[in-house]
Amino acid sequence: MQRFISGTFFDGTRLHSNRKVFVFNAHGILTDVLSESELDPLKIEMASGLLTPGFINAHLHLELSHLKGCIPQHTGLSEFALQVVKQRTLLNTEQRLEAMRQADLQMMEHGIVAAGDISNTQESISVKQSSKLTYHTFIECIGLLPQQADKVFKTACDLEWAFKTAGLQSSLAAHAPYSCSQKLLNLIIQHNALHLKPLSIHVLESDEEQNFLNGIPGTFNRLYQELGISIQEYTPPKISLNEWLFNPNKTSVPMILVHNVFANNAWYKGLSDARVFWAFCPNANRYIQNRMPEVLPETRWITATDSLASNSSLNLLSEVNLLYTQFNPPLEALLSSITSTPAQALQLETRFGYLKPGTACGLNEIEITPSGLIFIKKWIH
């Protein structure tokens, strides 16, 4: 048994200033939360900072870890996407796997206990099987033409099965409105709802997204031209992003909308469904197009890192501090965005995100300063 105490702690929902002892067994399970008087003080380890549950990184591209520093900053989304496609297979398999292993280790060292990872291949399976982190893998579907939807969907289901047979949690995800047909999105929503699994999609990462849905030419058209992909048979739906996402299907499982760089309050209020979550990756948004989100929603928002192709590290507190500086949100909301809220979005709340007996929540110690949050120590993974 290991026992830890601090004068302040965050339980996943609220900050507390009363002294409690957190008791973990040899398997990293939180077994008890006790009063200080109930235990011998000589057998308790003291923490000087704020204790929190282990962190959860809800949006990651582990497969792109080998692209760290390879793509120039501030190129804009279309050019960044083009460079990812061109460079993602330049290194050999073992080099890519080693980069993934190092990224996995970096997350663990920064107090992360679980992650939501976007995958396009089986390549990350071995890394995840040997990791101390718990992963939920989102199998990403890309197919702009409706006539491609059934084939893309079947391929994704086969890949999902490969992760399942490897003992790894997974579900399907759509890439983005500029790369998926509404038919493909609806197949994904129906499939995930049938299996009670969350889904994810990149949205509002570019101010040209709605233009593309409306058939107005822009950088996405040039992206397809550079990739040698004909979109002459693409028929723009000419509907709003909200309609594209939820017509005809409403999500009955968690949906994580990632980036939201060009979102506004009307966007958030229009999606009041408690199953919709918003994930922000501020360092990646600055890296790709030197832009931060304009506003945060009141609830259900998540802080994540995105990939090392668009970030210098996988340190969640670095992301949190950017939002802390720009928006000054309530501290409880800020801490929830890397603990309990992503746990809910990934359907991991019975295991992570809360300092609750019976969970393998992990235990981190941080310090809160006027300039931001500082990671001190990972006590329990």
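This report walks through two sheets, a hairpin, a helix pair and the largest pocket of the structure above.

A word on ground rules first. This is a predicted model, so local features need pLDDT of at least 70 and side-chain atom pairs count only at pLDDT 80 or more, while totals for chains, interfaces and linings use all residues. Residues are numbered from 1 along each chain as its sequence is written, and side-chain values use heavy atoms, with hydrogens and water left out.

Let's start with the parallel sheet. It is open, has four strands in the order 8-9-10-11, and its pairing is parallel. Helices (H or I, at least four residues) and strands (E, at least two) are DSSP runs numbered from the N terminus, and two strands pair if DSSP finds at least two bridges between them. Strand 8 (55–60) and strand 11 (169–174) sit at the edges with a single partner strand each, so one side of each has no neighbour in the sheet. On average, neighbouring strands here are turned by 20° against each other, direction ignored. Strand 8 runs parallel to strand 9 (residues 112–119), and four bridges join them; Asn 57 has Ala 115 in strand 9 as its bridge partner.

Two helices pack on this sheet, and both have an angle to strand 11, as the table shows. Contact means heavy atoms within 4.5 Å; axes are lines fitted to C-alpha atoms, for helices over the stretch in contact, and angles run from 0 to 180 degrees between N-to-C directions.

| Helix | Strands touched | Angle to strand 11 |
|---|---|---|
| Helix 4 (residues 149–165) | strand 9, strand 10 (134–141), strand 11 | about 160° |
| Helix 5 (residues 182–194) | strand 10, strand 11 | about 155° |

These helices also meet each other. The axes of helix 4 and helix 5 come within 9 Å and cross at roughly 35°. On the helix 4 side, the contact includes Val 152, Phe 153 and Cys 157, and on the helix 5 side it includes Leu 184, Leu 187 and Ile 188. By class, the contact residues are seven nonpolar, one polar and three charged. Here Ala, Val, Leu, Ile, Met, Phe, Trp, Tyr, Cys and Pro count as nonpolar, Asp, Glu, Lys and Arg as charged, and the others, Gly among them, as polar.

Now the other sheet. It is open too, with five strands in the order 3-2-7-16-17 and mixed pairing. Its edge strands are strand 3 (15–16) and strand 17 (372–380), each pairing on one side only. Strand 2 (residues 8–10) runs antiparallel to strand 3, with two bridges between them, and Phe 10 has Leu 15 as its bridge partner in strand 3. Helix 11 (residues 316–327) lies across strand 16 (363–369) and strand 17, at about 150° to strand 17.

There is also a hairpin. Strand 4 (residues 20–24) and strand 5 (residues 30–35) pair antiparallel over five bridges, and Lys 20 has Ser 35 in strand 5 as its bridge partner. Five residues lie between the two strands, and Gly 28 in the turn has a positive phi of about 80°.

Last, the largest pocket. About 660 Å³ of space lies in it, where a volume is the space filled by probe spheres set on grid points joined across faces, edges and corners. A pocket is an open set of points, on a 1 Å grid over the protein atoms alone, where a 1.4 Å probe fits, with protein on both sides within 12 Å along at least five of seven lines; lining residues have an atom within 4 Å of a point. Of its 35 lining residues, Ala 81, Val 85, Ile 142, His 175 and Tyr 178 are the closest to the centre. Helix 1 (77–87) and helix 7 (219–226) are the elements that give two or more residues to the lining.
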